[in-house]
Amino acid sequence: MINIRIPLLLILLFGYSSLASANYAEAMRHYERQEYRQALQGFGESARRGDADAQYMLGRLHETGSGTPQDFVQAHQWYNLAAARDHRHAAEARDSLTSRMTAGQIAEAQQAARAWKPDEPPSSQPSPSSRPDIETLSDRQGVAEIQRELNRLGYDAGPVDGAMGRRTRNAIREFQADMEMAQDGHASAALLRRLRESEKEAVTAASPPPPAISPRVVLQDDFSDGDYRRSPAWTVLSGDFEVDDSGLRSIVMTQRTSERESRRLSADRPEEIGLAMLELILEQTGGVKRDEVATPVEPARIFVNAPVDNAFRMELQLASRQGSGSLELGLFQGNRPNGSGYRLVYSPGSLPRLSLVRLTSGSVEVIARYEERLDLEDGRFHSIVWSRDESGEMQVHVDDRRLLRVRDTELRDRFQGFLMANQGGDYTLGRIRLQGR
């Protein structure tokens with residue numbers, strides 16, 4: 001797996017002609033601080049006006065899934081547009097990406113590049129007083145106005161083209177979450193009214209991004225060296241793991257069991273803790289009965305030592321290819337990877353899809369859950385950002401959407417390392433970055 005992050009020195013060597021642009025320069029500052037969502041917004045504004053350098057950087061962000069869901073089609077489109085404007089690196093990046101795409105994806109990206117048109121100059125954008133009446137808008141015009149307002153407020157809804165695509169739906173859901181509205185992702189006249197009433201400062205204050213804890217990185221791995229046993233050294237507790245071109249992969253088959261005996265949790269029997277967590281989540285929400293739980297033939301567990309303070313920020317790239325079982329990701333305390341700590345549990349085949357669990361002294365408690373639809377089984381990598389501040393407030397963002405938020409102060413000691421446990425499914429960890437003190 002290729003690490004395609006670019007140091008600032010290399011970027012400066014590109015000789016960007018648009019460094020004088022305030023949007024572009026600000027976007028570069030966000031990029032270097034790894035504030036990818038803000039960088040995406042800044043590059044997007046310049047790219048949509050035809051800036052080749054911004055188009056190239058936008059392609060990079062889409063290719064790596066930084067600040068946005070990983071999207072090879074979007075990345076190829078922006079590389080292609082930058083190459084057509086003679087950007088010195090865009091054609092090479094596009095051709096390299098092509099080898100990782102399907103024929104259908106390439107055709108879609110090429111068509112999007114051919115159909116692309118630069119945005120109108122800012123001076124021609126409608127002012128609040130000249131916005132068209134909502135009642136007079138057609139469905140397509142209404143979607144275009146919603147896209148325009150979302151982009152104004154800092155949500156990446158994509159081009160203002162009136163087409164209701166995935167990026168627009170995700171931006172709507174993110175705005176709805178920040179405004180504590182029902183997250184249906186639908187374009188409506190009521191939504192447009194709410195958007196027009198909102199100011200950028202109010203939206204930013206309503207849902208700040210996960211807080212930056214510290215510049216010190218205690219764990220970083222993209223498995224590009226092809227070996228999980230070194231730099232850093234991961235340890236397999238059970239099951240099988242391998243490194244392929246995409247990252248650290250684990251496949252665990254599941255089977256249905258008819259009757260299950262109640263069990264006493266023990267840190268010496270980590271497979272029981274994992275299954276008990278899944279059962280507890282399902283039983284508390286009434287999603288699946290105990291005798292309907294899919295159990296792994298042999299769970300796969302792996303950990304890495306990475307001492308970090310009680311406040312942290314974790315960034316993950318995860319791909320899921322099977323709609324059953326569950327995956328646990330978390331931090332543990334002490335010298336037992338299966339001991340006390342927090343676990344983020346993703347269960348694609350049941351509700352809730354995502355749960356935050358506290359594990360202490362052989363007991364588990366679900367402290368937050370996301371009960372709406374969340375399907376990551378689309379063959380792409382998805383971004384997960386999990387943070388905890390000094391007050392104990394935790395936030396979990398998936399593809400830049402905040403899905404979980406809870407304050408928990410039960411665990412006050414430092415964490416010793418990171419644990420990944422596959423309780424049934426096909427998962428790839430593309431990369432991980434853990435920051436703390």
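Let me begin with a loop, the one between β14 (393-398) and β15 (401-407), because Asp399 lies in it. This is a predicted model, as I should say at the outset, and in it Asp399 has a positive phi of about 50° although it is not a glycine. Asp399 counts as buried, since its relative accessibility is 13% and the cut-off for buried is under 20%. For background, most residues other than glycine have a negative phi, and most peptide bonds are trans.

With that in mind, let me turn to another loop, between β1 and β2, where Ser231 is found. Ser231 is not a glycine either, and its phi is positive, near 50°. Is Ser231 buried or exposed? At 60% relative accessibility, Ser231 counts as exposed. The peptide bond that joins Ser231 to Pro232 is cis, with omega at about -5°, and Pro232 is also found in the loop between β1 and β2.

Before going further, here is the overall picture. The protein has 437 residues, of which 56% are buried, and its secondary structure comes to 12 helices and 17 strands. If we take the contacts with a separation of 6 or more, 65% of them are accounted for by residues 24 or more positions apart.

Now to the aromatic residues, of which the structure holds 10 pairs. In one of these, the ring centres of Phe223 and Trp234 are 5.6 Å apart and the planes meet at 45°, so the pair is tilted. This pair links distant parts of the chain, with Phe223 in the loop between β1 (217-221) and β2 (234-238), Trp234 in strand β2, and the two positions 11 residues apart. Both Phe223 and Trp234 are buried.

Another aromatic pair, formed by Phe303 and Phe332, is edge-to-face, at 5.9 Å centre to centre and with 80° between the planes. Here too distant parts of the chain are linked, since Phe303 sits in strand β7 (residues 300-308) and Phe332 in strand β9 (residues 327-332), 29 residues apart. Phe303 is buried, with a relative accessible area of 12%, and Phe332 is buried as well, with a relative accessible area of 1%. Elsewhere, Phe312, Tyr342, Trp386 and Phe415 form one aromatic cluster, and Arg229 lies over the face of Tyr228, at 5.9 Å from the ring centre.

Phe303 brings us to Thr235, whose place is in strand β2. Leaving aside neighbours within four places in sequence, which residues is Thr235 in contact with? They are Arg301, Ile302 and Phe303. Thr235 and Arg301 are 66 residues apart in sequence, yet 8.7 Å apart in space from C-alpha to C-alpha. At 36% relative accessibility, Thr235 counts as partly exposed.

Let me move on to Arg358, in strand β11 (residues 354-360), which counts as buried at 10% relative accessibility. The side chain of Arg358 makes a polar contact with the side chain of Asp408, at 2.5 Å. Beyond its neighbours within four places in sequence, Arg358 is in contact with a set of residues that includes Gly341, Glu365, Asp408 and Glu410, and Tyr342, a member of the aromatic cluster, is also among them.

As for the nonpolar interior, the largest nonpolar core has 46 residues, and those with the most contacts inside it are Leu354 and Phe418. The element that gives the most to this core is β7, with 5 residues. There is also a second, separate core of 30 residues, which includes Ala39, Ala47, Met57 and Ala93.

Two of those names, Ala39 and Ala47, are among the buried residues of helix α3. This helix, residues 36-47, is mostly covered, with 9 of its 12 residues buried. The 12 residues of α3 should span 16 Å at 1.5 Å a residue, and the end C-alpha atoms are 15 Å apart, which agrees.

I will close with helix α9 (residues 166-178), where 13 residues should span 18 Å and the end C-alpha atoms are 18 Å apart, again in agreement. How many of the 13 residues of α9 are buried? The number is 10, so α9 is largely enclosed by the rest of the structure. Among those buried residues are Arg167, Glu174 and Asp178 as well as Ile172 and Phe175. Just after α9, Glu180 takes a positive phi of about 60°.

Note on methods:
Residues are numbered from 1 along each chain as its sequence is written. This is a predicted model: local features need pLDDT of at least 70, side-chain atom pairs count only at pLDDT 80 or more; totals for chains, interfaces and linings use all residues. Side-chain values use heavy atoms; hydrogens and water are left out. Rings of Phe, Tyr and Trp (its six-membered ring) pair if their centres lie within 6.5 Å; planes under 30 degrees apart count as stacked, over 60 as edge-to-face and the rest as tilted. Helices (H or I, at least four residues) and strands (E, at least two) are DSSP runs, numbered from the N terminus. Buried means under 20% relative accessible area, exposed over 50%, partly exposed in between (1.4 Å probe, protein chains only). A charge sits over a ring if NZ of Lys or CZ of Arg is within 6 Å of the ring centre and within 35 degrees of the ring normal. A polar contact is a pair of N or O atoms within 3.5 Å; within protein, one must be able to donate a hydrogen and the other to accept it, and residues adjacent in sequence count only if both atoms are side-chain atoms. Contact means heavy atoms within 4.5 Å. A nonpolar core is a set of buried Ala, Val, Leu, Ile, Met, Phe, Trp, Tyr and Cys residues joined through side-chain atoms within 4.5 Å. The expected span of a helix is 1.5 Å times one less than its number of residues.
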